[in-house]
Amino acid sequence: MLLIDTHTHLYSEEFSQDREEMIQRAIHANVKHLFVPAIDSGYTKEMYKVEEQFPDHVHLMMGLHPCYVKPGTYLQELEFVEHELQRRPFFAVGEIGVDMYWDQSTKEIQQEAFQKQIQLAKKHQLPINIHCRDAFDEVFEVLEKEKAPNLYGIFHCFSGDIDQAKKALSYNLKLGIGGVVTFKNGKIDQFLKEIPIEEIVLETDAPYLAPVPYRGKRNESSYLTLVADKLSEIYGLSLQEVADITTKNAKSVFNFE
């Protein structure tokens with residue numbers, strides 16, 4: 001069985017004491033490919049270091065996270081993203097998007113940064129990995145402007161309703177499903193079966209959003225098996241079938257063999 005974690009922050013400070021052991025636990029649990037989103041230039045060195053340690057398992061994205069889009073620095077950060085995309089290969093542009101939970105005052109520049117990075121993804125023929133928190137309208141507004149056959153990717157940590165799910169799919173995006181699907185009040189488990197499993201990829205968003213029974217604790221990539229278990233229950237498929245289908249989906253998005 002092979003599982004792919006399409007979104008895990010392996011370089012996070014929360015793993016500083018046991019990062020290598022945590023990654024080995026994931027590999028041992030058959031989570032053998034770990035796709036790592038960027039946040040900003042401050043984390044890049046650590047991100048490259050993890051890739052160097054586990055080159056067969058760790059695969060990187062490049063982008064500027066919406067929470068790090070700040071008036072004084074975001075243009076410089078976007079230049080850094082562009083420079084790195086030209087300098088070396090990546091599997092996606094991410095994580096990018098809009099976050100209205102933490103700071104609504106930066107909405108315009110968040111949307112600008114999001115749009116510019118979608119354009120970079122198209123230029124480099126890469127998928128995008130979208131962060132959206134309390135910002136479905138703002139995210140869809142930008143996607144509508146940029147929709148095209150070469151716009152595709154993953155709507156990371158999808159937590160919307162069925163209509164928002166269908167709208168995301170209309171932009172050629174897969175839904176990234178993680179620990180929230182195991183929460184009693186997560187709600188997405190109530191309609192997920194209406195979405196074909198061929199449109200789903202698995203993720204942890206480690207160290208955040210740990211699935212039940214670890215909710216509220218530090219998340220890690222080995223817990224992806226619990227997300228797969230829940231999808232097996234929702235779709236009435238075996239764990240092997242869930243693994244095979246979601247792995248195939250992830251490989252198709254990231255153009256990964």
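## Pocket, sheets and packing in a predicted model

Strand S5 gives the largest share of the lining of the largest pocket, 3 residues. The model is predicted.

### The largest pocket and the cavity

The volume of the largest pocket is about 660 Å³. Its lining holds 25 residues, and those closest to its centre are His 131, Arg 133, Cys 157, Asp 205 and Leu 209. S4 and S5 each contribute at least two lining residues. By class, this lining splits into 12 nonpolar, 7 polar and 6 charged residues.

How many cavities of 30 Å³ or more does a search of the whole structure find? The search finds 1. About 50 Å³ of space lies in the largest cavity. Its lining consists of Cys 157, Phe 158, Gly 178, Gly 179, Val 180, Glu 203, Thr 204, Asp 205 and Leu 209. These divide into 4 nonpolar, 3 polar and 2 charged residues. Cys 157, Asp 205 and Leu 209 line the cavity, and they are also among the residues closest to the centre of the largest pocket.

| Space | Volume | Nonpolar / polar / charged lining residues |
|---|---|---|
| Largest pocket | about 660 Å³ | 12 / 7 / 6 |
| Largest cavity | about 50 Å³ | 4 / 3 / 2 |

### The sheet of 5 strands

One open sheet has 5 strands in the order S4-S5-S6-S7-S8, with parallel pairing. S4 and S8 (200–202) are its edge strands, and each pairs on one side only. Neighbouring strands are turned by 30° against each other on average, direction ignored.

S7 (residues 173–177) pairs on both flanks. Towards S6 (residues 153–155), the pairing is parallel and has 3 bridges. Ile 154 has Lys 174 as its bridge partner in S7. Towards S8, another 3 bridges join the strands, again in parallel. Here Gly 176 is bridged to Val 201 in S8.

Is S7 enclosed or open? Of its 5 residues, 5 are buried, so the rest of the structure largely encloses this strand. In a regular strand, side chains alternate between the two faces of the sheet. In S7, one side carries Leu 173, Leu 175 and Ile 177, the other Lys 174 and Gly 176, and all are buried. Both faces are thus covered.

Helix H5 packs on the sheet of 5 strands, where H5 touches S4, S5, S6 and S7. The direction of H5 makes about 150° with that of S5. H5 spans residues 136–146, and its buried residues are Phe 136, Glu 138, Val 139, Phe 140, Val 142, Leu 143 and Glu 146. Two glutamates are in that list, Glu 138 and Glu 146. The cover over the buried residues of H5 includes S4 (93–99), S5 (128–133), S6 and S7. Helices H4 (107–123) and H6 (162–170) are also part of this cover.

### The sheet of 3 strands

A second open sheet has 3 strands, ordered S1-S2-S3, with parallel pairing. S1 (3–5) and S3 (58–60) stand at the edges with a single partner strand each, so one side of each has no neighbour in the sheet. The average turn between neighbouring strands here is 20°, direction ignored.

S2 (residues 31–36) pairs with S3 in the parallel sense over 3 bridges. Val 36 has Leu 60 of S3 as its bridge partner. Helix H7 (residues 224–235) lies across S1 and S2, and runs at about 115° to S1.

### Two residues in context

Arg 19 is in helix H1 (residues 19–28). Is Arg 19 buried or exposed? Its relative accessibility is 13%, so Arg 19 counts as buried, the cut-off being under 20%. Beyond residues up to four places away in sequence, Arg 19 touches Leu 10, Tyr 11, Ser 12, Glu 13, Glu 46 and Val 50.

Phe 91 is in the loop between helix H3 (74–87) and S4. Phe 91 counts as partly exposed, at 25% relative accessibility. Which residues does Phe 91 touch, not counting those up to four places away in sequence? They are Phe 35, His 59, Leu 60, Leu 126, Pro 127, Phe 254 and Phe 256. Phe 35 is 56 residues from Phe 91 in sequence, yet their C-alpha atoms are 8.2 Å apart in space. Leu 60, touched by Phe 91, is also the bridge partner of Val 36.

How values were computed: Residues numbered from 1 in each chain as written. Predicted model: local features only at pLDDT ≥ 70, side-chain atom pairs only at ≥ 80, totals over all residues. Heavy atoms only, no water. 1 Å grid on protein atoms, 1.4 Å probe; cavity = no way out; pocket = protein on both sides within 12 Å on 5 of 7 lines; lining within 4 Å. Points joined across faces, edges and corners; volume = space filled by probe spheres on them. Nonpolar A, V, L, I, M, F, W, Y, C, P; charged D, E, K, R; others polar. Pairing = 2+ DSSP bridges. Helix = DSSP H or I, 4+ residues; strand = E, 2+ residues; numbered from the N terminus. Axes fitted to C-alpha atoms, helices over the stretch in contact; angles between N-to-C directions. Contact = heavy atoms within 4.5 Å. Buried < 20%, exposed > 50% of the residue type's maximum accessible area, 1.4 Å probe, protein only.
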